[in-house]
Amino acid sequence: MTLPETLHRHFILHKPFGYLSQFIGSPKNKKLLGHLYDFPAGTMAIGRLDQDSEGLLLLTTDGKMSEYVRGRKVEKEYYAQVDGLITPEAIARLQQGGIEIAHEKQPYFTLPCSASRLDPAPDVPVRSRRVRDDRHGPTSWVSITLTEGKNRQVRKMTAAVGFPTLRLIRVRIGSIILGALGVGEVQELPQFSLQQETGPTT
């Protein structure tokens, strides 16, 4: 879906590890999005990535655009590096949905989603802080595509099936991909062109 062009401004950002997805109101010595680029007044992040997560972040001055992108019509794809060699059984549980996670201190059951093991591992930038020492055991990568977006959902889902997330990178929102955008780089777009999604397939 292509939303109409307006006087608003729109950006894509490769959010680095260690940054908060906000501009103001943080504790001292925290890294904020405004440290990366001279965004115009009124810019907001569309859906947050937590401080330890990386990857594609959309920013806009248009509140209606933000509401649309955060809805269930737009897919969000993540690459998660997990602790251990994830099993076909764990992948199937992720795909089927119904995984109980906590959301706002209440039980929440996830919807079905797309999930697959990434083998070989994706070619991703080296993180500013090492994930962990290889002597602590093997890791593996999984792609998870959601149409929902609860707080820290991917991390909670992989932990629930026995494979805690060590590193999380969002690589796609709708038809917008992270691609070769470098860590910390910002690109301004005339508008967001988002493919209408009908829901995940497995």
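# A tour that starts at strand E1

Select residues 10–15. This is strand E1, and the strand is mostly covered: six of its six residues are buried. The model you have open is a predicted one.

**Stop 1: the two sides of E1**

Show the side chains of E1. His10, Ile12 and His14 point one way. Phe11, Leu13 and Lys15 point the other way. All of them are buried. In a regular strand the side chains alternate between the two faces of the sheet.

**Stop 2: the neighbours of E1**

Add residues 54–60, which make up strand E5. Six bridges join E1 to E5, and the two strands run antiparallel. For one pair, pick Lys15: its bridge partner in E5 is Gly55.

Now add residues 186–189, strand E13. Four bridges join E13 to E1, again with the strands antiparallel. Pick His10 here, and you will find Leu189 of E13 opposite.

**Stop 3: Ile12**

Stay in strand E1 and select Ile12. How buried is Ile12? Its relative accessible area is 5%. Anything under 20% counts as buried, so Ile12 is buried.

Which residues does Ile12 touch, leaving out those up to four places away in sequence? From the stretch that you selected as E5, the contacts include Leu56, Leu57 and Leu58. Val186, Gln187 and Leu189 are also among them. The rest of the list is Ile176, Leu181, Glu185 and Phe192.

Try a distance next. Leu36 is 24 residues from Ile12 along the chain, and their C-alpha atoms are separated by 12 Å.

**Stop 4: Asp62**

Move to the loop between E5 and helix H1 (63–69), and select Asp62. Asp62 has a relative accessible area of 11%, so it is buried. Add His8 to the view. Asp62 and His8 are 54 residues apart in sequence. From C-alpha to C-alpha, the gap in space is 5.9 Å.

**Stop 5: the E7–E8 hairpin**

Select residues 100–103, strand E7, together with residues 106–109, strand E8. Four bridges join these strands, which run antiparallel. Glu100 stands opposite Phe109. Two residues lie between the strands, and E7 and E8 form a hairpin.

Zoom in on Glu104, in the loop between E7 and E8. Its phi is near 50°, a positive value in a residue other than glycine. Is Glu104 buried or exposed? At 68% relative accessibility, Glu104 counts as exposed, because exposed means over 50%.

**Stop 6: a cis peptide bond**

Go to the loop between strand E9 (114–118) and E10, where you will find Pro120. Look at the bond between Asp119 and Pro120. This peptide bond is cis, with omega at about 10°.

**Stop 7: into helix H3**

Next comes Arg152, in the loop between E10 and H3. Phi of Arg152 is near 55°, a positive value in a residue other than glycine. Arg152 has 37% relative accessibility, so it counts as partly exposed.

Follow the chain into helix H3, residues 153–160. Which residues of H3 are buried? They are Gln153, Val154, Arg155, Met157 and Thr158.

Now show what covers them. The cover includes strand E6 (76–83), helix H2 (88–96) and strand E7. Strands E10 (139–146) and E11 (165–173) are also included. After H3, look for Gly162, which has a positive phi near 95°.

**Last stop: the whole protein**

Zoom out and show everything. The protein has three helices and 13 strands. Along its principal axes, the C-alpha trace spans about 50 × 40 × 35 Å. A compact globule with 202 residues would have a radius of gyration near 17 Å; the protein has 17 Å, so the two agree.

Switch on the surface. The accessible surface comes to about 10,800 Å². Carbon and sulfur atoms account for 50% of that. Of the 202 residues, 46% count as buried.

Take the contacts between residues at least 6 apart in sequence: 72% of them join residues at least 24 apart.

Finish by colouring the charges. There are 26 positive and 21 negative ones, and their mean positions are 6 Å apart.

Conventions. Residues numbered from 1 in each chain as written. Predicted model: local features only at pLDDT ≥ 70, side-chain atom pairs only at ≥ 80, totals over all residues. Heavy atoms only, no water. Rg over C-alpha atoms; globule rule 2.2 N^0.38 Å. Buried < 20%, exposed > 50% of the residue type's maximum accessible area, 1.4 Å probe, protein only. Contact = heavy atoms within 4.5 Å. Areas by Shrake-Rupley, 256 points an atom, 1.4 Å probe, with all protein chains shown as cover. Lys, Arg positive; Asp, Glu negative; His and termini not counted. Charge placed at Lys NZ, Arg CZ, Asp CG, Glu CD. Pairing = 2+ DSSP bridges.
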